[in-house]
Amino acid sequence: MTSFALRESFLYGRENSSKVYLCYLDVKQAFDHVWHPGLLHKLGVDDTALLALRAMYKGSLSQERYQDQLSETFTVQQGTKQGGKSSPLTYLVYIDGIIKELEASGYGMCIYDHNICSLTVVDDMVLVSLSKSSMDAMLNIC
């Protein structure tokens, strides 16, 4: 869907003789920096699910492997489970506020009655705009 929307953005720009500005954003170590209390708040789930999620993250332990050597065990205080099936979804919930703010800003472009401004796949985002000033404004939001 993201590739389709990006392609349609280029075609829209061409049909309207307009430049299309793109900015590719990749959040460095995105899954490692998710703040647990903030994530649990944003999930807004019922008490039973909240207890399960808290249990999943509370007291998480990990080790680092380097050149076939394992580090001491340490407590994980932030981040999502690496390779976990729920991690991409929980990360998107975590950044949903930024996505909604970008969409509400009116920047980007409107194609087929849809605001195309922040095409997002987990921790990769493409900002799309018809003007440099709109792109700058979206970068300020991010």
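So, Glu72: in this predicted model, Glu72 sits in the loop between strand E4, residues 69–70, and strand E5, residues 74–75. Is Glu72 buried or exposed? With a relative accessible area of 70%, Glu72 counts as exposed. What does Glu72 touch, once we skip residues up to four places away in sequence? That would be Ser62 and Gln63. For Ser62, the C-alpha to C-alpha distance to Glu72 is 8.5 Å, with the two positions 10 residues apart in sequence numbering.

Now take another glutamate, Glu8, which lies in helix H1. Glu8 has a relative accessible area of 12%, and since the cut-off for buried is under 20%, we call Glu8 buried. Leaving out neighbours within four places in sequence, Glu8 is in contact with Ile111 and Tyr112. Glu8 also has a charged partner: its side chain meets that of Arg7 in a salt bridge, 3.9 Å from N to O.

How many salt bridges does the structure hold? Two. The Arg7 pair you've just heard about, and then Lys132 with Asp136, at 3.1 Å, N to O. Lys132 and Asp136 are four residues apart in helix H5, so about one helical turn separates them. Asp136 comes out as partly exposed, at 33% relative accessibility. As a general remark, side chains of opposite charge can pair when their charged atoms come close.

OK, on to the sheet. Three strands make up an open sheet, in the order E1-E9-E8, with antiparallel pairing. Why does one side of E1 and of E8 lack a neighbour in the sheet? Because E1, residues 21–26, and E8, residues 118–121, are at the edges and each has a single partner strand. From one strand to the next, the twist averages 15 degrees.

Let's go through the pairings. E1 and E9, the latter covering residues 124–129, run antiparallel and are joined by six bridges. Along that pairing, Leu22 is opposite Val128 of E9, and Tyr24 is opposite Val126, again in E9. On the other side, E8 and E9 pair over four bridges, also in the antiparallel sense. There, Thr120 stands opposite Met125 of E9.

What packs on this sheet? Helix H1, residues 2–15, does, and H1 touches E1, E8 and E9. The direction of H1 makes about 155 degrees with that of E8. Then there's helix H5, residues 132–141, lying across E1 and E9 and running at about 145 degrees to E9. How many of the six residues of E9 are buried? Five, so to speak of E9 as mostly covered is fair.

Last topic: the nonpolar cores. In general, nonpolar side chains in soluble globular proteins tend to be buried together. Here the largest nonpolar core has 11 residues, including Cys23, Tyr91, Ile99, Leu102, Met125, Leu127 and Met138. Which elements give two or more residues to this core? Helix H4, residues 87–104, along with E9 and H5. H4 provides the largest share, five residues. Apart from that core there is another one, of eight residues, and among them are Met109, Ile116, Leu119 and Val128. You'll remember Val128 from the sheet, where Val128 of E9 stands opposite Leu22.

Technical notes:
Residues are numbered from 1 along each chain as its sequence is written. This is a predicted model: local features need pLDDT of at least 70, side-chain atom pairs count only at pLDDT 80 or more; totals for chains, interfaces and linings use all residues. Side-chain values use heavy atoms; hydrogens and water are left out. Two strands pair if DSSP finds at least two bridges between them. Axes are lines fitted to C-alpha atoms, for helices over the stretch in contact, and angles run from 0 to 180 degrees between N-to-C directions. Contact means heavy atoms within 4.5 Å. Buried means under 20% relative accessible area, exposed over 50%, partly exposed in between (1.4 Å probe, protein chains only). A nonpolar core is a set of buried Ala, Val, Leu, Ile, Met, Phe, Trp, Tyr and Cys residues joined through side-chain atoms within 4.5 Å. A salt bridge is a side-chain nitrogen of Lys or Arg within 4 Å of a carboxyl oxygen of Asp or Glu.
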